[in-house]
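Biologist: I would like to go through this model with you and ask how each label was earned. Could you show it to me?

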Amino acid sequence: IVKDRGTATVGGEALKDGFLRKDARRAIYVRRPDGKLPAWVERGDTLVGSLVLDKELDDDRVHVPLAYEPPPPATPEKKDDATDDDEEKSDEEKDAEALTEAVRDAQISALKALRGTDPPSR
């Protein structure tokens, strides 16, 4: 539990004990857990608990219900995606890609040839 929205997203100073006058309000922010979740938590589970505002009072008004839905586990990225794309392309797609690259190479070589020449006179 933290005292402002910025530290709720990146971690930071926790909210300390304090007092509020009657009818006063204070915003508090709950951030996600720092450590790993228990192994028995699966996708779609909801962790439920409560925030106790005053431990000395045994009243429902001092218990704030909390619920946390953990995100799905991260999936590892494939490193050989480029080779999979080449295998899935048809012959026409491969030919079109090769033609596009050949045209681009020809344009680059023409521009390089113009670089050394003097600009045309008007």
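Modeller: Here you go; please keep in mind that this is a predicted model. Its secondary structure consists of three helices and two strands, and from the N terminus the order of elements is α-β-β-α-α.

Biologist: Thanks! How many of the 122 residues count as buried?

Modeller: Buried residues make up 6% of the 122. The label requires under 20% relative accessible area. The accessible surface of the protein is about 11800 Å², with 51% of that belonging to carbon and sulfur atoms.

Biologist: Now to the charged side chains. What makes Lys-89 and Glu-97 a salt bridge?

Modeller: Their side chains meet at 2.5 Å, N to O. The cut-off is a Lys or Arg nitrogen within 4 Å of a carboxyl oxygen of Asp or Glu, so the Lys-89 and Glu-97 pair qualifies at 2.5 Å. The structure holds two salt bridges; one of them joins Asp-105 and Arg-104 at 3.3 Å, N to O, a value that also lies within 4 Å.

Biologist: Why is Lys-89 called partly exposed?

Modeller: Its relative accessible area is 25%. Buried means under 20% and exposed means over 50%, with partly exposed in between, so Lys-89 at 25% is partly exposed. Its partner Glu-97 has 37% and is partly exposed too. In the other bridge, Asp-105 has 42% and Arg-104 has 44%, so each of these is partly exposed by the cut-offs of 20% and 50%.

Biologist: And how do you know whether Asp-23 is buried or exposed?

Modeller: Asp-23 has a relative accessible area of 71%. Exposed begins over 50%, so Asp-23 is exposed. You will find Asp-23 in the loop between helix H1 (5–10) and strand E1 (47–52).

Biologist: What is noteworthy about the phi of Asp-23?

Modeller: Phi of Asp-23 is near 65°, a positive value in a residue other than glycine. Most residues other than glycine have a negative phi.

Biologist: One last topic, the nonpolar surface. Which residues form the nonpolar patch?

Modeller: The patch is formed by Ile-1, Ile-28, Val-30, Leu-53, Val-64 and Leu-66, with about 440 Å² of accessible area together.

Biologist: What makes Val-64 accessible enough for the patch?

Modeller: Val-64 lies in strand E2 (residues 63–68) and has 32% relative accessibility. A patch residue needs over 30%, so Val-64 passes at 32%. That value also lies between 20% and 50%, so Val-64 counts as partly exposed.

How values were computed
Residues are numbered from 1 along each chain as its sequence is written. This is a predicted model: local features need pLDDT of at least 70, side-chain atom pairs count only at pLDDT 80 or more; totals for chains, interfaces and linings use all residues. Side-chain values use heavy atoms; hydrogens and water are left out. Patches are made of residues with over 30% relative accessible area and no salt bridge: like charges are joined within 9 Å, nonpolar side chains (Val, Leu, Ile, Met, Phe, Trp, Tyr) within 5 Å. Accessible areas come from the Shrake-Rupley method with a 1.4 Å probe; for residues, only the protein chains shown count as cover. Helices (H or I, at least four residues) and strands (E, at least two) are DSSP runs, numbered from the N terminus. Buried means under 20% relative accessible area, exposed over 50%, partly exposed in between (1.4 Å probe, protein chains only).
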